[in-house]
Amino acid sequence: RARSRRAMALKRWAVRQISGLLSDYLEGITEQNFSLQVGAGEVEIRHVRVLPGLLAEHYLDLLSSDVSVSARIPWRSLGSEPTVITVREVWAEVRALPPSSRPRTAEEEDGALRRWRAQRVRKIQARVEAAREAAS
């Protein structure tokens, strides 16, 4: 019984650690989809999702996803050997964002602002010219 409690506590700790490491990329890591073989240092996480917005910089809207990941944790040499995380399976349904919904780059914003200012200057110049002609 004490061994079972320790194993559960270790599993909860491992879920928190790995979830924290992968939180910039994946969501939905829970004890239910997380299996841990303590002695072998093997972790398997099944049926988690890609974080919404992760593909936005590539102008893709993530509709749904399913990812499986495994990890090998060198318990006896945590400080000297790396923990290796391997993405095993990825399924993602995405939709390409239309060009009109894509964010502008800083250069595009600057260009749009310059064009707007030039257009305003031309309108003002045209009004001034029309006023001069009317006055003469």
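How many salt bridges does the structure hold? The exercises below address this and related points.

The model is predicted, and local features need pLDDT of at least 70, side-chain atom pairs count only at pLDDT 80 or more, and totals for chains, interfaces and linings use all residues. Residues are numbered from 1 along each chain as its sequence is written, and side-chain values use heavy atoms, with hydrogens and water left out.

**Exercise 1. State the number of salt bridges and examine the pairs of glutamate 42 and of arginine 95.**

Step 1. A salt bridge is a side-chain nitrogen of Lys or Arg within 4 Å of a carboxyl oxygen of Asp or Glu. The structure holds four of them.

Step 2. One of these joins glutamate 42 to arginine 72, at 2.3 Å from N to O. Glutamate 42 belongs to strand E3 and arginine 72 to strand E4, so the bridge ties together parts that are 30 residues apart in sequence. Strands (E, at least two residues) and helices (H or I, at least four) are DSSP runs, numbered from the N terminus.

Step 3. Arginine 95 pairs with aspartate 61, their closest N and O atoms being 2.4 Å apart. Arginine 95 is in strand E5 and aspartate 61 in strand E4, so this pair connects parts that are 34 residues apart in sequence.

**Exercise 2. Determine how the buried residues of helix H1 are arranged.**

Step 1. Helix H1 covers residues 2-22 and reaches 30 Å from its first C-alpha to its last, close to the 30 Å expected (1.5 Å times one less than its number of residues).

Step 2. Buried means under 20% relative accessible area, exposed over 50%, and partly exposed in between (1.4 Å probe, protein chains only). In H1 the buried residues are Lys11, Ala14, Val15, Ile18 and Leu22.

Step 3. Viewed down the helix axis, these residues fall within an arc of 110° (taken from the directions from the axis to the C-beta atoms), so they line one face of H1. On the other side, Arg5, Arg6 and Arg16 are exposed.

**Exercise 3. Identify the residues with the most contacts inside the largest nonpolar core.**

Step 1. A nonpolar core is a set of buried Ala, Val, Leu, Ile, Met, Phe, Trp, Tyr and Cys residues joined through side-chain atoms within 4.5 Å.

Step 2. The largest such core has 17 residues, and those with the most contacts inside it are Ile18, Leu22, Ile29, Phe34, Val43 and Ile45. H1, E2, E3 and E4 each supply at least two residues of this core.
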